[in-house]
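The following exercises concern pockets and helix packing in one protein model. Each task is followed by a worked solution.

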Amino acid sequence: MSQFYDAFETRDRAAREAWIDAQLPGQIARAKGLAGYAGAFADIDAGQITTREALVRLPVLRKSDLATAQGAGKPLGGFTADGLSGFAHVFQSPGPIYEPGQVSQDWWRFGRFLHACGIGADDIVQNCFSYHLTPAGLMFESGARAVGATVLPAGTGQTALQARAAHDVGVTAYAGTPDYLKVILTQADEDGLGLKIRKAAVSGGALFPSLRDFYAERGITCLQCYATADLGHIAYETQAGEGLIVDEGVLVEIVTPGTGTPVADGEVGEVVVTTFNTDYPLIRFATGDLSAVLEGESPCGRTNMRIKGWMGRADQTTKIKGMFVRPEQVADLVGRLDGVERARVVADRAGDADMMTVHIEGRQIDMATAEQAVRDVLKLQGKIEIVEPGGLPRDGIVIEDKRVYET
């Protein structure tokens, strides 16, 4: 088996950026022609969006926008050319939010990840992701087909039958959540069944170091990927470790939560993804997850951007004094104040009452103007503290809740 899935993985930075630059105008033009983007992209000249820097001019698309657009009779909300026509499947995620899917040509791009796991034509993959309503089962199945592996479509539950099937069929690789493989292995031990599983491709939960070590002790190499139902495959581990390598079919930005403004490399922010999927062009789609760019290239030889993995949720919406404060409001506050670089709202308690402190980072800030802006934007009064530039942590947190409630 070749070390790399294709030549895209080892392109130099200039070649990859040139490819991205060439793809962007066409993808933006496709999106602009869809009803779902009509208002947001009305004044956008797709021909001018030719770099990732130019992409920042476009608004961020959020899950809540999809949910709002997906009204009665519009399950995909106008974000595809012909609704459900031409798609092989439609899926439902909590909300509910509906996503389309195809079964041809590794539509979700999971083959790259399975190849990195060492899975290929000689493997039998026990796919323990659900095949019902959600797309994870078919995502991993399409990836297995792309690398030529045979699939046992196991789905979830019925652990005793799963262990028996893994033994009888001679399964060599597992796909599923990080913890369920341990459940199968334990069941097999109890039933006296020897298993041949030596590779595991996991997602949908945390792969804790202790769990990875447990698998390693049993001779199983376990790697994880980062994906969503909307976007498909986003980033993946390789056997070299050191972060997650961004998939070649997407463009990833890390932005200040609540905004579309990229942060400096190494700073924590929200993961925003643009896909080059022509059937379902999601542009600057906010995942709601926090991560950071891991500088440098992977020792495995793949050259794309790396991210540090999941670092929490960007949706830090918090209720203070009975009012919700959202990251978008903090971003609005920063935009209204001259000389302000960033802000951080801290919720705490004084006795039985909520208190709010707004830390504002910048120079020559007029306190009266800042107080009025806080009242206008956050609809609350609170203490304001001015912080010198660089004084706030670069940890992706714009709303911090320090309150502790007695139980």
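**Exercise 1.** In this predicted model, determine which elements each supply at least two residues of the lining of the largest pocket.

*Solution.* The elements are α5 (136-146), β7 (221-228) and β12 (285-291). Among these, β7 provides the largest share, five residues. The pocket itself has a volume of about 920 Å³. Its lining comprises 36 residues, and those closest to the centre are Ser-203, Gly-204, Gly-205, Tyr-226 and Ala-227. By class, the lining divides into 19 nonpolar, eleven polar and six charged residues.

**Exercise 2.** Characterise the second largest pocket by volume, central residues and residue classes.

*Solution.* The volume is about 580 Å³. Of the 23 lining residues, Arg-13, Arg-52, Asp-265, Val-293 and Met-305 are the closest to the centre of this pocket. Two or more lining residues come from each of α1 (13-32), α2 (52-55), β10 (250-255) and β13 (293-294). The classes are eight nonpolar, three polar and twelve charged residues.

**Exercise 3.** Classify the mutual orientation of α6 and α7, and describe the residues in contact.

*Solution.* The axes of α6 (residues 159-169) and α7 (residues 180-191) come within 9 Å and cross at roughly 75°. Angles of 65 to 115 degrees count as roughly perpendicular, and α6 and α7 are therefore roughly perpendicular to each other. On the α6 side, Thr-159, Ala-160, Gln-162 and Ala-163 take part; they meet Tyr-180, Val-183, Ile-184, Gln-187 and Ala-188 of α7. The residues of this contact comprise six nonpolar, three polar and no charged.

Methods: Residues numbered from 1 in each chain as written. Predicted model: local features only at pLDDT ≥ 70, side-chain atom pairs only at ≥ 80, totals over all residues. Heavy atoms only, no water. Axes fitted to C-alpha atoms, helices over the stretch in contact; angles between N-to-C directions. Helix = DSSP H or I, 4+ residues; strand = E, 2+ residues; numbered from the N terminus. Parallel < 35°, antiparallel > 145°, perpendicular 65-115°, else oblique. Contact = heavy atoms within 4.5 Å. Nonpolar A, V, L, I, M, F, W, Y, C, P; charged D, E, K, R; others polar. 1 Å grid on protein atoms, 1.4 Å probe; cavity = no way out; pocket = protein on both sides within 12 Å on 5 of 7 lines; lining within 4 Å. Points joined across faces, edges and corners; volume = space filled by probe spheres on them.
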